[in-house]
Amino acid sequence: STLLGSIGGVRGLEDAIYHTWLQTVLNLELRQAVRIAERWAIQFVVFGDLATFERIDSRGQRSDFGWASSTGLGFRVIPTFLAEVVLRVDVSRSFYPDHKFFWQWGLSQYF
């Protein structure tokens, strides 16, 4: 079982709902960084996520096929002196199966 939700798949899905046994995920991000100080940069991001998957039902058996998608905008603050730290904020709209706006933040790039 793997999760299709917003930790590493389609942003905005409820992680606890989309347990899958098979999935294909495409994450596309277009990023543009702008230096704001000697060792600091900000980055603007446009992204889209798309997935197809086969769910697992409550008994752990293979269930129906589905798909999910979302698009949105992101903003990153990058302290270049800390190689692995990127403050990330994403605002997006999921289109299917849920139709809702969401936001999330993290301390690394999405992928």
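Contacts between residues far apart in sequence come up a lot here: of the contacts in the protein chain with a separation of 6 or more, 45% are between residues 24 or more positions apart. The model behind that value is a predicted one. As for the overall make-up, the protein chain has six strands and zero helices, so to speak a plain run of β-β-β-β-β-β from the N terminus on. Its C-alpha atoms fill a box of roughly 55 × 25 × 20 Å along the principal axes.

The strands can be followed in order. Strand β1 covers residues 2-3 and pairs with strand β2, residues 19-37, in the antiparallel sense over two bridges. On the β1 side of this pairing sits threonine 2, with threonine 20 of β2 as its bridge partner. Threonine 20 turns up again on the way to the next strand, since its bridge partner in β3 is arginine 55.

The pairing of β2 with strand β3 (residues 40-56) is antiparallel too, and 16 bridges join the two. Leucine 28 is found opposite glycine 48 of β3. Getting from β2 to β3 takes a hairpin with two residues in it.

Next comes strand β4, residues 62-79, which pairs with β3 over 16 bridges in the antiparallel sense. One of the pairs here is tryptophan 40 with proline 79, the latter in β4. Five residues lie between β3 and β4 in their hairpin, and glycine 60 in the turn has a positive phi of about 85°.

The C-terminal part goes on in a similar vein. Strand β5 (residues 87-96) and β4 make an antiparallel pair over nine bridges, with tyrosine 96 of β5 as the bridge partner of serine 69. Seven bridges then link β5 to strand β6, residues 100-106, again in the antiparallel sense. Within that pair, serine 92 has phenylalanine 102 of β6 as its bridge partner. A hairpin with three residues between the strands connects β5 and β6.

What about the inside? Of the 111 residues in the protein chain, 35% count as buried. The largest nonpolar core is a group of seven residues: Leu4, Val10, Leu13, Tyr18, Ala51, Phe53 and Ala68. A look at alanine 68 helps to picture this core. Setting aside neighbours within four places in sequence, alanine 68 is in contact with Val10, Leu13, Ala51 and Phe53, among others, and these four are listed in the core as well. Beyond them, the contacts of alanine 68 include Asp49, Leu50, Tyr96 and Pro97. Tyrosine 96 is thus a contact of alanine 68 as well as the β5 bridge partner of serine 69.

On the outside, the protein chain exposes about 6,900 Å², and carbon and sulfur atoms supply 63% of that area. Charges are part of the picture too: the protein chain has 11 positive and 11 negative ones, and their mean positions are 3 Å apart.

How values were computed. Residues are numbered from 1 along each chain as its sequence is written. This is a predicted model: local features need pLDDT of at least 70, side-chain atom pairs count only at pLDDT 80 or more; totals for chains, interfaces and linings use all residues. Side-chain values use heavy atoms; hydrogens and water are left out. Two strands pair if DSSP finds at least two bridges between them. Helices (H or I, at least four residues) and strands (E, at least two) are DSSP runs, numbered from the N terminus. Buried means under 20% relative accessible area, exposed over 50%, partly exposed in between (1.4 Å probe, protein chains only). Contact means heavy atoms within 4.5 Å. Accessible areas come from the Shrake-Rupley method with a 1.4 Å probe; for residues, only the protein chains shown count as cover. Lys and Arg count as positive and Asp and Glu as negative; His and the chain ends are not counted. The place of a charge is taken as NZ of Lys, CZ of Arg, CG of Asp or CD of Glu. A nonpolar core is a set of buried Ala, Val, Leu, Ile, Met, Phe, Trp, Tyr and Cys residues joined through side-chain atoms within 4.5 Å.
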